[in-house]
Amino acid sequence: MGNRPWQAPSSLPGASAAGEGTAGRRRLSGGAWPGREKRQRPLMEAEEEEEETAALQEPSRQNSSPNEMDEEQPCISHLKDEVRKRQNSNQGSRGSNSSRASRKSFRLDYRLEEDVTKSEKDKDGRFMNPWPTWKSVTFRNVLKWIFTEKDNSQVPCSKQILDTNLPVLTPYFVQNPELFGKTGDGIRVTWLGHASVLVEMDDVTFITDPIFSQRASPVQCLGPKRFRGPPCTVSELPKIDAVLISHNHYDHLDYPTVVSLNARFGSELRWFVPLGLLDWMRKYGCENVIELDWWGENCIPGHDAVTFVFTPAQHWCKRTPMDDNKVLWGSWSVVGPRNRFFFAGDTGYCVAFEEIGKRFGPFDLAAIPIGAYEPRWFMKYQHVDPEEAVRIHIDVRAKKSIGIHWGTFALANEYYLDPPVKLKEALERYGLQTEDFFVLNQGESRDLKINDDGIE
């Protein structure tokens, strides 16, 4: 294939987009509401000191069942040692009955309060990445990427080939709705494509960065188009309690999907969003919205035992020509009495993940992006590659991880089937098993019930 042709984007520096209506150029990727149970409930248990320190369109489908960082790349042997050290630490700190019981209190150790990175704004009041691993996206580099880099994605036009290589399955909750919510003490995850996962844990159900549209764009006639349709429609979803939004790029905050979810679930659906996004959500009719800064926390009414914490990530925000970084971006840590879940959102690699792992890990399951990472000179600041995804898995102390943000939209230059292949290679280099960090077909579910030794 030759150089990349021009495409309409979702949002890039210099792109034009009037509200939700005008298309621009190709894009990269895509405080609580007063009166709505604003809370500062202490989180996180005081555990042993060793752990602290050491919808729209009906797709064709099949059936399923529930069941170049910077030059300072550390040596793999050192990181293998770190993997073993953390695995042993997890076993030691969570191995006893008393330790398991202590997880239910979630008392915050305030000694960690100053050991985390807080959000920052520049002199113009726009949010910024506070890490040396960040480099700002420039319009010049966007043009360089579009017009000089070869597109190696090679997504086939044949539906038959795509159905073979990337099957889209009918989710279990469509075929067997009576099984929904029956997870026992475990956690169930269903991949709905791109960065959207449906998670059932500790008697709550939530979805991350939902997008059921055919395009990640301000308009549905231009912009990056799905090459794999959504596995279900909004109307086919089970009852969900909450939506987690990581940032406002069009492939993570999809206007038609927001409207459809709000129309179906109304004020019973709680939206957890980054700081700066509350007005946008209200504008389009969402009432039950909780807006949070990094390390801010809240819960779903009637489910106080499960805490949702907005945690850092290295990325950026933009939807219109003039709104660069007026909205914060981040990840989500969900801490329940029996399970913990981490959603990385869209991110480059940074030290924040060690902070998250130290404060809230180990996580029973993490959803970490593995796609849209080439070319590295341009993408590495905002999108991790599969090897960096494994490092996040290690940093947050995840027992299991699922690879997301691939196989749906062609947003970068790597071959469309490369992300899981590169992930497997990275896991082997780090001495990890493929079941530690797995991928699913779109629409497929997996049940996890993991003991204190990290074994299902």
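# Two open sheets, an enclosed cavity and selected local features

The lining of the largest cavity is made up of nine nonpolar residues, four polar residues and one charged residue. This structure is a predicted model, and the cavity in question has a volume of about 130 Å³. Beyond the cavity, the briefing covers an open sheet of seven strands that begins its order with β11, another open sheet of seven strands whose order begins with β10, and a set of salt bridges that number 15 over the whole structure.

**The largest cavity**

- In total, 14 residues line the largest cavity, and those that lie nearest its centre are Gly407, Phe409, Ala410, Leu411 and Glu414.

**The sheet from β11 to β17**

- The strands of this open sheet follow one another in the order β11-β12-β13-β14-β15-β16-β17, and their pairing is mixed.
- At its edges stand β11, which covers residues 297–300, and β17, which covers residues 437–438, and each of these strands pairs on one side only.
- Strands β11 and β12 pair in the antiparallel sense over three bridges, and within this pairing Glu297 is found opposite Val309 of β12.
- The connection between β11 and β12 is a hairpin with two residues between the strands, and Gly302, located in the turn, has a positive phi of about 85°.
- Strand β12 is also joined to β13, in this case by five bridges between strands that run antiparallel, and Phe310 has Trp332 in β13 as its bridge partner.
- Towards the β17 edge, strand β16 (residues 401–404) runs parallel to β17 and is joined to β17 by two bridges, with Ile402 placed opposite Phe438 in β17.

**Helices lying across this sheet**

- Helix α9, formed by residues 352–360, lies across β12 (303–311), β13 (331–335) and β14 (340–343), and the direction of α9 makes an angle of about 10° with β13.
- Helix α11, formed by residues 386–395, lies across β14, β15 (365–369), β16 and β17, and runs at about 155° to β15.

**The sheet from β10 to β18**

- Seven strands make up this open sheet in the order β10-β9-β8-β7-β6-β5-β18, again with mixed pairing.
- Because β10 (289–292) and β18 (445–448) each have a single partner strand, these two strands stand at the edges, and one side of each is left without a neighbour in the sheet.
- When direction is ignored, neighbouring strands of this sheet are turned against each other by 20° on average.
- Within the sheet, strand β7 (residues 204–208) and strand β8 (residues 242–244) run parallel and are joined by three bridges, and Phe206 has Ala242 in β8 as its bridge partner.

**Backbone features in loops**

- The peptide bond that joins Gly361 and Pro362 is cis, with omega at about -5°, and Pro362 belongs to the loop between α9 and β15.
- A cis peptide bond is also found from Glu374 to Pro375, where omega is near 0°, and Pro375 is placed in the loop between β15 and α10 (376–379).
- His194, a residue other than glycine, has a positive phi near 50°, and His194 is situated in the loop between β5 (187–191) and β6 (197–201).

**Salt bridges**

- Side chains of opposite charge can pair when their charged atoms come close.
- The search of the whole structure finds 15 salt bridges, and one of the pairs joined in this way is Lys159 with Asp163, whose side chains meet at 2.6 Å from N to O.
- Lys159 and Asp163 both belong to helix α5 (residues 159–165), and because they are four residues apart in this helix, the separation between them is about one helical turn.

Note on methods:
Residues are numbered from 1 along each chain as its sequence is written. This is a predicted model: local features need pLDDT of at least 70, side-chain atom pairs count only at pLDDT 80 or more; totals for chains, interfaces and linings use all residues. Side-chain values use heavy atoms; hydrogens and water are left out. On a 1 Å grid over the protein atoms alone, a cavity is a set of points where a 1.4 Å probe fits but cannot get out, and a pocket is an open set with protein on both sides within 12 Å along at least five of seven lines; lining residues have an atom within 4 Å of a point. Grid points are joined across faces, edges and corners, and a volume is the space filled by probe spheres set on the points. Ala, Val, Leu, Ile, Met, Phe, Trp, Tyr, Cys and Pro count as nonpolar, Asp, Glu, Lys and Arg as charged, and the others, Gly among them, as polar. Two strands pair if DSSP finds at least two bridges between them. Contact means heavy atoms within 4.5 Å. Axes are lines fitted to C-alpha atoms, for helices over the stretch in contact, and angles run from 0 to 180 degrees between N-to-C directions. A salt bridge is a side-chain nitrogen of Lys or Arg within 4 Å of a carboxyl oxygen of Asp or Glu.
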